[in-house]
Amino acid sequence: MLFSSWDELRHGYHAGDKDETVRGCARRLDTTAPGPEGDPVLFWTLGLLTLAPYVAFGTPGPGVEDEVVAVLSRVARGDDGRTCAHGWHPYEADVDDVLERLPDYLEVLSSPVDQALDDLLPEDLLPEDYLDELDEEAEPAHLSGPEILARWQCPRTAPGFARAALDYLGATAR
């Protein structure tokens, strides 16, 4: 699976061409238009978020970081200050905690069967430690799994994760 190679690269044991893996993800994100079905922009943004530690702390070749920052900047500006009815979004959780569980979250996010289950739990979509640390009155502590899923599917989520990846890289949206 594509995501497993990104995760391998994040952990430092990817056997393939690291820079080409990063550039491939950036190109796909750059050419993908937002869409309702499994939102590909969110998928490729999460891919670059997963690859951000390599870009920030590894030894990427010339131009790799610039390419990633340019694409993430475009996505980060994608919500154009739009508001929504949600008081909270998944990109507000600790990025490193999200990255550790992202393969599991992507499985739920990409599976209509998992999404349709009535027993979808908050911890299926957010780090349990994060949920445990929250004040019981704060969102998302009192949200159900389907309500948290709605936050993942919100059009503001991909731009939020793009900004989180830019922060990881020590960059701001251009």
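**View 1. How confident is the prediction along the chain?** The average pLDDT of the chain is 85, and 93% of the residues score at least 70. Keep in mind that this is a predicted model. Confidence is lowest in helix α6 (residues 112-116), where the mean is 70. It is highest in helix α4 (residues 64-76), where the mean is 95.

**View 2. Helix α2 and its buried side.** Let us begin with a ruler. Helix α2 (residues 18-30) has 13 residues, so at 1.5 Å a residue it should span 18 Å, and its end C-alpha atoms are indeed 18 Å apart. Now look for the buried residues of α2: they are Asp19, Thr21, Val22, Cys25, Ala26 and Leu29. These residues cover an arc of only 165 degrees around the axis, which puts them on the same side of α2. A simple rule helps here: an α-helix has 3.6 residues a turn, so residues three or four places apart point the same way. The buried residues of α2 pack against α1 (2-11), α3 (40-57) and α4. At the start of α2, you can also find a side-chain oxygen of Asp17 within 3.2 Å of the backbone nitrogen of Asp19.

**View 3. The largest nonpolar core.** This core has 52 residues, and those with the most contacts inside it are Leu48, Leu72, Leu102 and Trp152. Two or more residues come from each of α1, α2, α3, α4, α5 (95-109), α7 (128-133), α8 (145-152) and α9 (157-168). Helix α3 gives the largest share of the core, 10 residues. In soluble globular proteins, nonpolar side chains tend to be buried together. For a closer look, pick Leu72: leaving aside neighbours within four places in sequence, it is in contact with Leu29, Leu48, Ala162, Ala165, Leu166 and Leu169.

**View 4. Thr50 and Arg10, two buried residues in contact.** Thr50 lies in helix α3, and Arg10 is found in helix α1. Is Thr50 buried or exposed? With 0% relative accessibility, Thr50 counts as buried. Arg10 has a relative accessible area of 15%, under the 20% cut-off, so Arg10 is buried as well. Beyond the residues up to four places away in sequence, Thr50 touches Phe3, Trp6, Asp7, Arg10, Leu99 and Leu102. With the neighbours within four places in sequence left aside, Arg10 is in contact with Thr50, Pro53, Leu99 and Glu100. The side chain of Arg10 has two partners to look for. One is the side chain of Asp7, joined to that of Arg10 by a polar contact of 3.1 Å. The other is the backbone oxygen of Leu99, which the Arg10 side chain reaches at 3.4 Å.

**View 5. Leu2, a partly exposed residue of helix α1.** Leu2 is found in helix α1, and its relative accessibility of 39% makes it partly exposed. Which residues does Leu2 contact, leaving aside its neighbours within four places in sequence? They are Phe43 and Trp44. Thr21 is 19 residues away from Leu2 along the chain, and their C-alpha atoms are separated by 9.5 Å.

**View 6. His86 in a loop.** Where is His86 found? Follow the chain to the loop between α4 and α5. At 22% relative accessibility, His86 counts as partly exposed. With its neighbours within four places in sequence left aside, His86 is in contact with Ala150, Arg151 and Cys154. Finally, try locating His14: from His86 it is 72 residues apart in sequence and 37 Å apart in space, C-alpha to C-alpha.

Methods. Residues numbered from 1 in each chain as written. Predicted model: local features only at pLDDT ≥ 70, side-chain atom pairs only at ≥ 80, totals over all residues. Heavy atoms only, no water. pLDDT = per-residue confidence, 0-100. Helix = DSSP H or I, 4+ residues; strand = E, 2+ residues; numbered from the N terminus. Expected span 1.5 Å × (residues − 1). Buried < 20%, exposed > 50% of the residue type's maximum accessible area, 1.4 Å probe, protein only. Arc of directions from axis to C-beta. Contact = heavy atoms within 4.5 Å. Polar contact = N/O pair within 3.5 Å; in protein donor to acceptor, adjacent residues only side chain to side chain. Core = buried A, V, L, I, M, F, W, Y, C linked by side-chain atoms within 4.5 Å.
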